[in-house]
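Visitor: Could you walk me through this model, one question at a time, and give the cut-offs behind each term as we come to it?

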Amino acid sequence: MPETDAVDRIIAQWARERPELDSSPMAVIGRMHRVAELLDGELRPVFAEAGLNNGDFDVLASLRRAGAPYRLTPMELAASTMVTSGAVTKRVDRLVARGLVTRSISADDGRGRLIELTREGRRLTDELVGRHWANEDRLLGALRPAERETLARLLRTLLLDLEGPDAGPVDAH
């Protein structure tokens, strides 16, 4: 008999209490939810060791992957990190205080601002990206490469259906 997990036990309880309902979606959604919570807890320590949280790293990574000169407007950062401009401002304030990013006035628009990685911000981001990806690889250790590819393809299909192809980070260049 295969091992059972917490979701199996919840589904069995619902099957007993409401047998007329199809609880099969919970087999996927419940597991995705539990996995997301567990992954979040496992991803945080890599950033916490550097005195950052997930959101801080998200800003740094967005700037780094934008390419040289590693600079974005607050609006581009908000689109890339998929948070509000207010949340971006708070994150940028913390990162400016740490010397990891700078905030400057746009030469093209005196009212506009630009957020740019400092040399130290780029160094730290490059270090953290390597550690972060190694951690993600460890977390996926139970899956063979072909299983990872299948899971990624299935999740892409679901994500495209839920948010559409134009959601997520934008190419700033």
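Visitor: Does Arg-123 count as buried, exposed or partly exposed?
Guide: Residue classes rest on relative accessible area, where buried means under 20%, exposed over 50% and partly exposed in between, with a 1.4 Å probe and protein chains only. At its relative accessibility of 41%, Arg-123 therefore counts as partly exposed.

Visitor: Before we go further, what kind of model is this?
Guide: Residues are numbered from 1 along each chain as its sequence is written, and side-chain values use heavy atoms, with hydrogens and water left out. Local features need pLDDT of at least 70 and side-chain atom pairs count only at pLDDT 80 or more, while totals for chains, interfaces and linings use all residues, because the model is predicted.

Visitor: Which residue meets Arg-123 in a salt bridge at 2.9 Å?
Guide: A salt bridge here is a side-chain nitrogen of Lys or Arg within 4 Å of a carboxyl oxygen of Asp or Glu, and by this rule the count comes to 17 salt bridges. Helices (H or I, at least four residues) and strands (E, at least two) are DSSP runs, numbered from the N terminus. The partner of Arg-123 also lies in helix H6, four residues away, about one turn of the helix. With 2.9 Å from N to O, that partner is Glu-127.

Visitor: Which residues are linked with Arg-123 and Glu-127 in a network of salt bridges?
Guide: Within this network, Glu-127 counts as partly exposed at 37% relative accessibility. Besides Arg-123 and Glu-127, the linked residues are Glu-49, Glu-120 and Arg-131.

Visitor: How many residues apart are Asp-126 and Arg-64?
Guide: Asp-126 forms a salt bridge with Arg-64, and their closest N and O atoms are 2.7 Å apart. The pair links distant parts of the chain, since Asp-126 is in helix H6 (residues 119–139) and Arg-64 in helix H3 (residues 54–65), a separation of 62 residues.

Visitor: Which residue forms a salt bridge with Glu-17?
Guide: Glu-17 is partly exposed, with a relative accessible area of 48%, whereas its partner has 58% and is exposed. The closest N and O atoms of the pair are 3.0 Å apart, and the partner is Arg-16.

Visitor: How are H3 and H5 oriented to each other?
Guide: Axes are lines fitted to C-alpha atoms, for helices over the stretch in contact, and angles run from 0 to 180 degrees between N-to-C directions. Angles under 35 degrees count as roughly parallel, over 145 as roughly antiparallel, 65 to 115 as roughly perpendicular and the rest as oblique. The axes of H3 and helix H5 (residues 85–97) come within 10 Å and cross at roughly 80°. The two helices are therefore roughly perpendicular.

Visitor: At what angle do H3 and H4 pack?
Guide: H3 is roughly perpendicular to its partner H4. Helix H4 spans residues 74–81, and the axes of the two helices lie 10 Å apart, at an angle of about 110°.

Visitor: In what order do the three strands of the sheet run?
Guide: Two strands pair if DSSP finds at least two bridges between them, and S2 and strand S3 (residues 113–117) pair in the antiparallel sense over five bridges. Strand S1 (71–72) and strand S2 (101–105) each have a single partner strand and stand at the edges, so one side of each is left without a neighbour in the sheet. The sheet is open and its pairing antiparallel, in the order S1-S3-S2.

Visitor: With which residues is His-132 in contact?
Guide: His-132 is found in helix H6 and counts as buried at 11% relative accessibility. Contact means heavy atoms within 4.5 Å. Leaving aside neighbours within four places in sequence, the residues in contact with His-132 are Leu-43, Val-46, Phe-47 and Phe-57.

Visitor: Is Leu-52 buried or exposed?
Guide: Leu-52 is found in the loop between helix H2 (24–48) and H3, and its contacts beyond four places in sequence include Phe-47, Leu-60, Leu-95 and Leu-128. With a relative accessible area of 7%, Leu-52 is buried.
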